[in-house]
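Work through these exercises with the sequence and the 3D view open. Try each task before reading its solution.

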Amino acid sequence: MTKPDPRIQDIRSRLLAWYEVEARDLPWRRTSDPYAILVSEVMLQQTRVETVLTYYDRFLAQFPSLAELASASIDEVLKSWEGLGYYRRAHNLHRAAQAVSMEYGGHLPSSAADLRELPGIGPYTAAAVASIAFGHDEAVLDGNVIRVLSRLFAIPGDPAKASTRGALRQTADHLLARGDASRFNQALMDLGARICTSRTPRCPACPVSGQCNAHHTGEETRFPEKRKRRKIPHRDIVAGIIWDGEPFAHGAKILIAKRHAEDMLGGLWEFPGGHVEPDESLEDALRRELREELAIEISGIQPFMNVNHTFTHFRMTLHCFHCRHAGGTPACVDVADLAWVPIRNLFQYAFPVADQHVLERLARNAEDL
């Protein structure tokens, strides 16, 4: 029989005692509903807790059960998700709800292995839901936990590499407080989010600083080891606010287009346009893109506003122009759908964040007339 490691036992007990007092009061910690916990974990993927708090209750109010989410249209889901970003998560959550309804009788599976079979549910989310919602002994490994473990045990190497990730997973499994995985996993996540932060860890407030290898050597910020960041490229994008007559005229409508589901920001509506080619003017790019996407010609091109926005892998400047529909019947050549919509009704559609800035400015200008 393997002799218990006193250091591991000490870390477990200290973390659980700290969590008992310091646990954050979060809405998904006040429920035992596996569906509500799944929603929180999907929303928390690559998104800060503070941001998720503004969406979580609203989303559950609109889709209070897995069955109601499964029966909703993807347009309804995306509108409720609007502004939260990483919209592929909303598509996958919707598809997962439908899969559970068809394959599991509407009851979310409890094992991490079965959860991983659902759309968009990776190893971390599956382990988190299995441990938090169902009490299974599954260790989690998200960014916060990786940071804590890397420092506690001075684990070298880039966590993005398979060998380092394997060492971290083995460490997480060894450290897990079996029989109390839910609280222990959440304690690790809270410690990483609040105390063992990336740039300025609060070691004096850490309940396990005395057991931390990195703290002993004063190398807290060395771990986890990071790859050198590549320069983020910049892209110029044009978009047309296409009117069916004079801009802001009484009863005027604007043509909007829906992105293909498989595209980036798939399923969202937008002011149509696209990339600017090298040595191409913004106006020429707009004319070309609208021919290619909608088979239409435009006239009266006038600058309206620019929006700078940063995605994960690139930065974008969205150059928006007022223009008029001048020829050709709008067709879904390279878009999923299109619609002529009065300004007052545009807010019923789900738009990406950059387009929302354009929409808000349009609404203010319309009010000033």
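Buried means under 20% relative accessible area, exposed means over 50%, and partly exposed lies in between (1.4 Å probe, protein chains only). This is a predicted model, in which local features need pLDDT of at least 70, side-chain atom pairs count only at pLDDT 80 or more, and totals for chains, interfaces and linings use all residues. Residues are numbered from 1 along each chain as its sequence is written, and side-chain values use heavy atoms, with hydrogens and water left out.

**Exercise 1. Backbone exceptions**

Task: Classify Tyr86 by its accessibility and state the sign of its phi.

Solution. Start with the location. Tyr86 sits in the loop between α5 and α6. Helices here are DSSP runs (H or I, at least four residues), strands are runs of E (at least two), and both are numbered from the N terminus. Next, the accessibility. Tyr86 has a relative accessible area of 36%, so it counts as partly exposed. Then the backbone. Most residues other than glycine have a negative phi, and most peptide bonds are trans. Tyr86 is not a glycine, yet its phi is positive, about 45°.

Now take Ala295. Its place is the loop between α13 (282-294) and β5 (297-310). Ala295 also has a positive phi, of about 60°, without being a glycine. Its relative accessibility is 36%, so Ala295 is partly exposed.

Finish with the peptide bond from Phe223 to Pro224. That bond is cis, with omega near -10°. Pro224 belongs to the loop between α12 (213-216) and β1 (234-243).

**Exercise 2. A covered helix**

Task: How many of the ten residues of α2 are buried, and what covers them?

Solution. Count first. Helix α2 spans residues 34-43, and nine of its ten residues are buried. Among them are Tyr35, Ile37, Leu38, Glu41 and Val42. Then look for the cover. It includes α3 (49-62), α4 (66-71), α5 (74-81), α6 (88-103) and α8.

Check Pro34, which lies in α2. Beyond its neighbours within four places in sequence, Pro34 is in contact (heavy atoms within 4.5 Å) with Leu108, Ala133 and Phe134.

Move on to Gln45, in the loop between α2 and α3. Its relative accessible area is 19%, so Gln45 is buried. Outside the four nearest places in sequence, Gln45 touches Arg89, Gly120 and Thr125.

**Exercise 3. Two helix pairs**

Task: Describe how α8 packs against α11, then do the same for α2 and α3.

Solution. Two packed helices are described by the angle between their axes and the distance between the axes. Axes are lines fitted to C-alpha atoms, for helices over the stretch in contact; angles run from 0 to 180 degrees between N-to-C directions.

Step one: geometry of the pair. Helix α8 (residues 123-134) packs on helix α11 (residues 181-194) at about 130°, and the axes are 8 Å apart. Angles under 35 degrees count as roughly parallel, over 145 as roughly antiparallel, 65 to 115 as roughly perpendicular and the rest as oblique. The two helices α8 and α11 are therefore oblique.

Step two: handedness. A crossing is left-handed if the near helix is turned anticlockwise from the far one by less than a right angle, and right-handed if clockwise. The crossing of α8 and α11 is left-handed.

Step three: residues. From α8 come Tyr124, Ser131 and Ile132; from α11 come Ala181, Ser182, Asn185, Gln186 and Met189. This contact of α8 with α11 has four nonpolar, four polar and no charged residues. Ala, Val, Leu, Ile, Met, Phe, Trp, Tyr, Cys and Pro count as nonpolar, Asp, Glu, Lys and Arg as charged, and the others, Gly among them, as polar.

Step four: the second pair. The axes of α2 and α3 come within 10 Å and cross at roughly 145°. Their crossing is right-handed. Tyr35, Ala36, Val39, Ser40 and Met43 of α2 meet Val52, Tyr55, Tyr56, Phe59 and Leu60 of α3. The contact of α2 with α3 holds nine nonpolar, one polar and no charged residues.

**Exercise 4. A strand residue**

Task: Is Thr317 buried or exposed, and what does it contact?

Solution. Thr317 lies in strand β6 (residues 315-327). At 10% relative accessible area, Thr317 is buried. Its contacts beyond four places in sequence include His234, Asp236, Ile237 and Val307.
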